[in-house]
Amino acid sequence: MPIITWGKALSVGYPAIDDDHQKLIALFNAAHGAVKQTSPRQAVETILTELIDYTNWHFDHEEALMEEHGYDRIEAHKLEHQELAANARQLYVQYLAGDDTVPEVLLPFLRNWLTDHILRSDKQLGDFLNGYQRQEL
Ligand SMILES: [Fe+2]
């Protein structure tokens, strides 16, 4: 499984969200590297915790932007976040309970989910936020 390379293709055109996504991808790649190099469990656990915590923080950040700007697709978008957060949380808890196979499932799941979500739902949101800003000028 390759790492995620952040670039123009993943940009949603809205810096506050792009900045978060770059940090998210950096954490994902760090977790990927830690697992691939079979780092000590404590190191993997630390980076997975950071990745999960940051993902949740980022979802809250996006949802606050949606509320602030009256995004019409907020409910569907929030639902996607909730599903990812619940699935990731379940796998993370399984890992904490000692299941070392979790990263092999969790990381590809996050990789596919994040890229798909950014390319589809977050780009829609970025377009909306940019339109909103233009109206404000
Ligand atoms: Fe999102």
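**Cavities and an iron site among the helices**

Helices α2 (41–68) and α3 (74–96) each supply at least two residues to the lining of the largest cavity, and this cavity is a useful place to begin a walk through what is a predicted model. Its volume is about 50 Å³, and the residues that line it are Ile52, Thr55, Asn56, Leu84, Ala85, Ala88, Arg89 and Leu110. Of the helices, α3 gives the largest share of this lining, with four residues. Sorted by chemical character, the lining holds five nonpolar residues, two polar ones and one charged one.

The count of cavities of 30 Å³ or more comes to two, and the second largest has a volume of about 30 Å³. Around it stand His21, Leu24, His58, Phe59, Glu62, Trp113, Leu114, His117, Ile118 and Asp122. Here α1 (15–36), α2 and α4 (102–136) each contribute at least two lining residues, while the largest share, five residues, comes from α4. This lining divides into five nonpolar, three polar and two charged residues.

Some names in that second lining, including Glu62, His117 and Asp122, lead on to the metal site. Which residues donate atoms to the iron ion? The protein donors are Glu62 through OE, His77 through NE2, His81 through NE2, His117 through NE2 and Asp122 through OD, and they lie 2.0 to 2.3 Å from the iron ion. Glu62 in helix α2 and Asp122 in helix α4 form a pair that links distant parts of the chain, with the two residues 60 apart. Read along the sequence, the donor residues follow the spacing E-x14-H-x3-H-x35-H-x4-D. The general geometry of a helix helps in reading such a spacing: an α-helix has 3.6 residues a turn, so residues three or four places apart point the same way.

Are the two acidic donors buried or exposed? Glu62 has 0% relative accessibility and therefore counts as buried, and Asp122 likewise counts as buried because its relative accessibility is 1%.

It remains to look at α2 as a whole, the helix that carries Glu62. Helix α2 has 28 residues and reaches 40 Å from its first C-alpha to its last, which is close to the 40 Å expected at 1.5 Å a residue. Just after α2, Gly70 takes a positive phi of about 65°.

Technical notes. Residues are numbered from 1 along each chain as its sequence is written. This is a predicted model: local features need pLDDT of at least 70, side-chain atom pairs count only at pLDDT 80 or more; totals for chains, interfaces and linings use all residues. Side-chain values use heavy atoms; hydrogens and water are left out. On a 1 Å grid over the protein atoms alone, a cavity is a set of points where a 1.4 Å probe fits but cannot get out, and a pocket is an open set with protein on both sides within 12 Å along at least five of seven lines; lining residues have an atom within 4 Å of a point. Grid points are joined across faces, edges and corners, and a volume is the space filled by probe spheres set on the points. Ala, Val, Leu, Ile, Met, Phe, Trp, Tyr, Cys and Pro count as nonpolar, Asp, Glu, Lys and Arg as charged, and the others, Gly among them, as polar. The expected span of a helix is 1.5 Å times one less than its number of residues. Donors are N, O and S atoms within 2.8 Å of the metal (3.2 Å for Na, K and Ca); water is not among the atoms, so sites may look incomplete. Buried means under 20% relative accessible area, exposed over 50%, partly exposed in between (1.4 Å probe, protein chains only).
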